[in-house]
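Colleague: I am new to this one and would love a friendly walk through it. Could you show me the model, and then let me ask about it piece by piece?

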Amino acid sequence: MTRHYSALSLIREGLNGQRGWEPAWRDARPQAHYDAIVVGGGGHGLATAYYLAKNHGITNVALLERGWIGGGNTGRNTTVIRSNYFFPETAAFFDFALKLYEGLSQDLNYNIMFSQRGMWFLGHDRHAMEMLSRSVNAMLLNGVDAELHDSDSVRRHIPGLNDRPRFPVLGALNQPRGGTARHDAVAWGYARGASRLGVDIIQNCEVHDFIIEAGQMRGVETSLGTIRSDLVGMAVAGHSTVLAAKAGIRLPISSYALQAFVSEPVKPCLDTVILSPATGTYLSQSDKGELVIGAGLDMFLSYAQRGSLPWMERAAAGVVELFPAFSRMRFLRQWAGLVDITHDSTPIIDKTKVSGFYISAGWGTGGFKAIPAGGWCLAHLMATGTSHPLATGFCLDRFRSGALIDEASASGISH
Amino acid sequence: MFLIDCPYCGPRAETEFRCGGEAHIERPSPHGEVTDEAWSNYLFYRQNPKAEHRERWVHTAGCRRWFNVARDTVTHRIIAVYAMGETMPAAAGEPR
Ligand SMILES: Cc1cc2nc3c(=O)[nH]c(=O)nc-3n(C[C@H](O)[C@H](O)[C@H](O)COP(=O)(O)OP(=O)(O)OC[C@H]3O[C@@H](n4cnc5c(N)ncnc54)[C@H](O)[C@@H]3O)c2cc1C
Ligand SMILES: [Zn+2]
């Protein structure tokens, strides 16, 4: 069987009628006991399982996913990767994630199609330009690449921008190392990497409850029976509060629907990522040729994986305002994911009052770009019992102490 | 798209309204005696049920008045609309 992906194995399997490929990961059935359990088969759960095995040698691990891996927000997001944060803690963490992304295809031997095509954050008025130059300065001070461009320079770099806009483009922040990656490939690549190191990837396995004895985590009750382990990590995004409640834990998280949609595929016409929060939209073009368009949050609690029509209209209007040439393109699909929002838009990677139970949550509208670092830090916390230095600020206690890392207001973008 | 039955103006489109989050939250007091936990709870911890939720809405593009709504967060079905300061009518019954 062929497991390694390379030019040579491609040629060999081509000559062999593609019959010798090993499945990317083993579809496992649960054992009665594991050294560690990770609940949630999104990018964060899968990366956690992978780094538990790879960085810490904990390979007797079960990854439990209620549906199919990557079927949550990880497979529903608009795949923008960037690290334009304001505060030192978040800048360091998200830039570490970006660096891991830069080497991830090699590390996983799986092409995640990471394309560093740049990420342009447009400013449409004087105040936005002041905020953007403040952002650029903060990024540079934090050692992150950033450029401030004036209106002419933006037009030189982005062909097709409206030349008679209602909301003029006065300039932009560009992060050249930003870009997009194939979301499914991130989930599948981590699953394959974890599985090869011994992790059981178990799909269609919903966690219903936790087994807790005298404040110690002992395992989970699932749709496939009881699975025991004294070490459980949870990364279930929009379902974080519902599931944590089963362990008697309240989280400062609200679940909202965030939507995106894609157009019909067309020839390459947009070679970078454009964010224009002022016009209510952001977009890029996928390698398939679809325009991938993201909207904003429906600002009421929701567990329905569908976005509202008003937001869809607003985001589409924003696209047409920016690029009149796209006005006749047709929508192909629209969907939403359930995102886990914290008050300060900064995630939570922490232990809980139940010993042996750890959570990673609050990734909200921007946790795809964080996946490698989120998995890295949750695995570190689960394996060592102490916070990774990059994630010490992402603690639950900040909501009591007041040490919020308020990116919700600082970097001026919804995350 | 929701149709929200403003108690003052009647049924109007969702775009005319804004949701103000969880209803019936009481500010802890007396001020000097509120613990950090209680204060944190008041500021940052909200109910987030995958079920019926009591929340406040305001008719921003209409009468600009606030009222309470009981809404299912999975189906988005509005179960009851009732005035600020009122408790949820016991027999909410039929959806509106
Ligand atoms: C429309 C949209 C656009 C976005 N755009 C971007 C972007 O451009 N850039 C960016 O960085 N981020 C973006 N995000 C955010 C990003 O998608 C998420 O933050 C990230 O994918 C979260 O990963 P996760 O692994 O925590 O969650 P998920 O991928 O949602 O995984 C959680 C998993 O847990 C499973 N689960 C839930 N309950 C249980 C249970 N009881 N038992 C077992 N399994 C359970 C779910 O089925 C799910 O598969 C976007 C999100 C959306 C919805
Ligand atoms: Zn009204």
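**Getting to know chains A and B**

Modeller: Happy to. Chain B has one helix and six strands. Please keep in mind that this is a predicted model.

Colleague: Which pattern does chain B follow along the sequence?

Modeller: The elements to place are one helix and six strands. The C-alpha trace that carries them spans about 45 × 30 × 25 Å along its principal axes. Read along the sequence, the pattern of chain B is β-β-β-α-β-β-β.

Colleague: Which strands of the open sheet in chain B stand at the edges?

Modeller: Four strands of chain B form this open sheet, in the order S3-S4-S5-S6 with antiparallel pairing. The twist from one strand to the next averages 30°. Two strands have a single partner each, so one side of each is left without a neighbour in the sheet; these edge strands are S3 (18–22) and S6 (78–83) of chain B.

Colleague: Which residue in S6(B) stands opposite B:Asn68?

Modeller: Strand S5 of chain B covers residues 66–72, and five bridges join S5(B) to S6(B). The two strands run antiparallel. Opposite B:Asn68 in S6(B) stands B:Tyr82.

Colleague: Now the interface, please. Which three residues supply 35% of the area that chain B buries against chain A?

Modeller: The contact takes 23 residues from chain B and 24 residues from chain A. About 2,100 Å² is buried between the two chains, with carbon and sulfur atoms giving 55% of that area. On the side of chain B, the three residues that supply 35%, more than any other three, are B:Phe44, B:Tyr45 and B:Asn48.

Colleague: Which residue of chain A meets B:Glu37 in a salt bridge?

Modeller: Across the interface of chain B and chain A, the rule finds two salt bridges. In one of them, the side-chain N to O distance is 3.9 Å, which falls within the 4 Å cut-off. The partner of B:Glu37 there is A:Arg400.

Colleague: Which element gives the most residues to the side of chain B that touches chain A?

Modeller: Between the chains there are 11 residue pairs in polar contact. The elements of chain B that give two or more residues to this side are helix H1 (36–44) and strand S4 (52–58). With five residues, the element that gives the most is H1(B).

Colleague: And how many of the residues on that side are charged?

Modeller: We can split the residues of chain B that touch chain A into three classes. Eight are nonpolar and nine are polar. The charged ones number six.

Colleague: Let's move to chain A. Which residue takes a positive phi in the hairpin of S9(A) and S10(A)?

Modeller: Strand S9 (residues 207–213) and strand S10 (residues 216–222) of chain A run antiparallel and are joined by six bridges. One bridge pairs A:Phe210 with A:Val220 in S10(A). The hairpin has two residues between the strands, and the residue with a positive phi near 50° is A:Ala214.

Colleague: Finally, which residue in S8(A) stands opposite A:Leu63?

Modeller: Six strands of chain A make an open sheet with mixed pairing, in the order S8-S2-S1-S12-S19-S18. Strand S8 (200–202) and strand S18 (348–351) have a single partner strand each, so one side of each is left without a neighbour in the sheet. Three bridges join S2 (residues 61–64) of chain A to S8(A), and the two run parallel. Opposite A:Leu63 in S8(A) stands A:Ile201.

Key. Residues are numbered from 1 along each chain as its sequence is written. Chains are lettered from A and ligands numbered from 1 in the order in which they are written. This is a predicted model: local features need pLDDT of at least 70, side-chain atom pairs count only at pLDDT 80 or more; totals for chains, interfaces and linings use all residues. Side-chain values use heavy atoms; hydrogens and water are left out. Two strands pair if DSSP finds at least two bridges between them. Axes are lines fitted to C-alpha atoms, for helices over the stretch in contact, and angles run from 0 to 180 degrees between N-to-C directions. Contact means heavy atoms within 4.5 Å. Buried area is the accessible area (1.4 Å probe) that two parts lose on being put together, summed over both. A polar contact is a pair of N or O atoms within 3.5 Å; within protein, one must be able to donate a hydrogen and the other to accept it, and residues adjacent in sequence count only if both atoms are side-chain atoms. Ala, Val, Leu, Ile, Met, Phe, Trp, Tyr, Cys and Pro count as nonpolar, Asp, Glu, Lys and Arg as charged, and the others, Gly among them, as polar.
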